[in-house]
Amino acid sequence: MNHQPFEAWLFTEEPLEQEQNQKLKTHLEECAHCSQLEKASRAMEHRLRSAPMMAPAPGFTQRWQAQLATRKQQALAARQRMITWIVLGIFGGASLALLGYLGVQQLTAFTSFEQFLFSLGRNLSQVIAEMNDWREILSNIFRYLPFTIPTPIWFLAGTNIAVLCLVWFYSLWRIASPKGAKSK
């Protein structure tokens with residue numbers, strides 16, 4: 001026997017038309033399966049409506065608010081990580097594009113691959129020589145500079161740097177802290 005429209009009518013929340021209602025009643029008198037289904041549906045609905053409303057466990061609100069604050073902090077941290085990765089990706093992509101462009105420019109400037117390798121070797125040796133020069137200059141500065149500047153000036157400079165670092169960390173903390181989420 002075909003139960004399809006009758007089963008759908010039994011479980012619908014919308015009121016049936018008069019003709020549909022009459023067909024359903026006639027079918028329920030003839031079909032034991034659908035009649036049993038209707039009785040089970042009414043019994044289940046009665047149990048659901050008559051069941052007492054359960055109260056939450058003690059401390060539910062406090063636990064929920066604590067979890068909410070934690071979730072907000074985790075969401076903020078995840079958002080900051082995502083922004084960091086996006087910025088790094090943009091800078092990395094731009095750097096790769098620039099290096100690619102410069103590489104193509106360099107390759108097209110040479111008539112042979114040997115000329116390119118010779119120029120590359122010459123440029124690398126110049127960079128290494130300049131790095132050695134800078135290392136020597138900086139080592140001389142750091143070797144003789146501490147003795148030429150009096151100790152109180154070093155103390156003042158160190159104190160100023162420490163204060164600037166504290167102001168910087170405090171500023172970062174204020175920017176990164178969530179403004180609306182305050183736990184009780």
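Here are some questions and answers about this predicted model.

User: Which helix gives the most to the nonpolar patch on the surface?
Analyst: The patch covers about 720 Å² and is made by Trp134, Ile137, Leu138, Ile141, Phe142, Leu145 and Trp154. One of these, Trp154, sits in helix α6 (residues 151-176). The top contributor puts in six residues and spans 113-148, and that's helix α5.

User: Is Trp154 buried, partly exposed or exposed?
Analyst: Trp154 belongs to helix α6 and is one of the residues making the nonpolar patch. Buried would need under 20% relative accessible area and exposed over 50%. Trp154 comes out at 40%, so the label is partly exposed.

User: Leaving out residues up to four places away in sequence, which residues does Leu145 touch?
Analyst: Leu145 lies in helix α5 and, at 31% relative accessibility, counts as partly exposed. Leu145 is also one of the residues in the nonpolar patch, along with Trp154. With residues up to four places away set aside, the contacts of Leu145 are Asn140 and Trp154.

User: And how far apart are the C-alpha atoms of Leu145 and Leu102?
Analyst: Leu145 is part of helix α5. Along the chain, Leu102 is 43 residues away from Leu145, and their C-alpha atoms are separated by 40 Å.

User: How about Gly100 and Val87, what separates their C-alpha atoms?
Analyst: Gly100 is found in helix α4 (residues 60-109). At a relative accessible area of 35%, Gly100 is partly exposed. Gly100 and Val87 are 13 residues apart along the chain, with a C-alpha separation of 20 Å.

User: How many disulfides turn up in the whole structure?
Analyst: Take Cys34, which is buried at 1% relative accessibility. The closest cysteine sulfur to that of Cys34 belongs to Cys31 and is 3.8 Å away, so that pair is too far for a bond. A disulfide would need the sulfur atoms within 2.5 Å. Searching the whole structure gives a disulfide count of zero.

User: Which residue forms a salt bridge with Glu19?
Analyst: Side chains of opposite charge can pair when their charged atoms come close. Here the closest N and O atoms are 3.4 Å apart, and both residues lie in helix α2 (residues 18-30), four residues apart, about one turn of the helix. Glu19 is exposed at 53%, while its partner is partly exposed at 44% relative accessibility. That partner is Lys23.

User: Is Glu38, the salt-bridge partner of Arg42, buried or exposed?
Analyst: Arg42 and Glu38 both lie in helix α3 (residues 32-50), four residues apart, and their closest N and O atoms are 2.6 Å apart. Arg42 is exposed, with a relative accessible area of 59%. Glu38 has 16%, and since the cut-off for buried is under 20%, Glu38 is buried.

User: How far apart are the closest N and O atoms in the salt bridge of Glu45 and Arg49?
Analyst: Both residues are in helix α3, four residues apart, about one turn of the helix. Glu45 counts as partly exposed at 39%, and Arg49 as exposed at 65%. Their closest N and O atoms are separated by 3.1 Å.

User: How many salt bridges does the count come to?
Analyst: Among them are Glu19 with Lys23, Arg42 with Glu38 and Glu45 with Arg49. The count comes to three.

Conventions: Residues are numbered from 1 along each chain as its sequence is written. This is a predicted model: local features need pLDDT of at least 70, side-chain atom pairs count only at pLDDT 80 or more; totals for chains, interfaces and linings use all residues. Side-chain values use heavy atoms; hydrogens and water are left out. Patches are made of residues with over 30% relative accessible area and no salt bridge: like charges are joined within 9 Å, nonpolar side chains (Val, Leu, Ile, Met, Phe, Trp, Tyr) within 5 Å. Accessible areas come from the Shrake-Rupley method with a 1.4 Å probe; for residues, only the protein chains shown count as cover. A salt bridge is a side-chain nitrogen of Lys or Arg within 4 Å of a carboxyl oxygen of Asp or Glu. Helices (H or I, at least four residues) and strands (E, at least two) are DSSP runs, numbered from the N terminus. Buried means under 20% relative accessible area, exposed over 50%, partly exposed in between (1.4 Å probe, protein chains only). Contact means heavy atoms within 4.5 Å.
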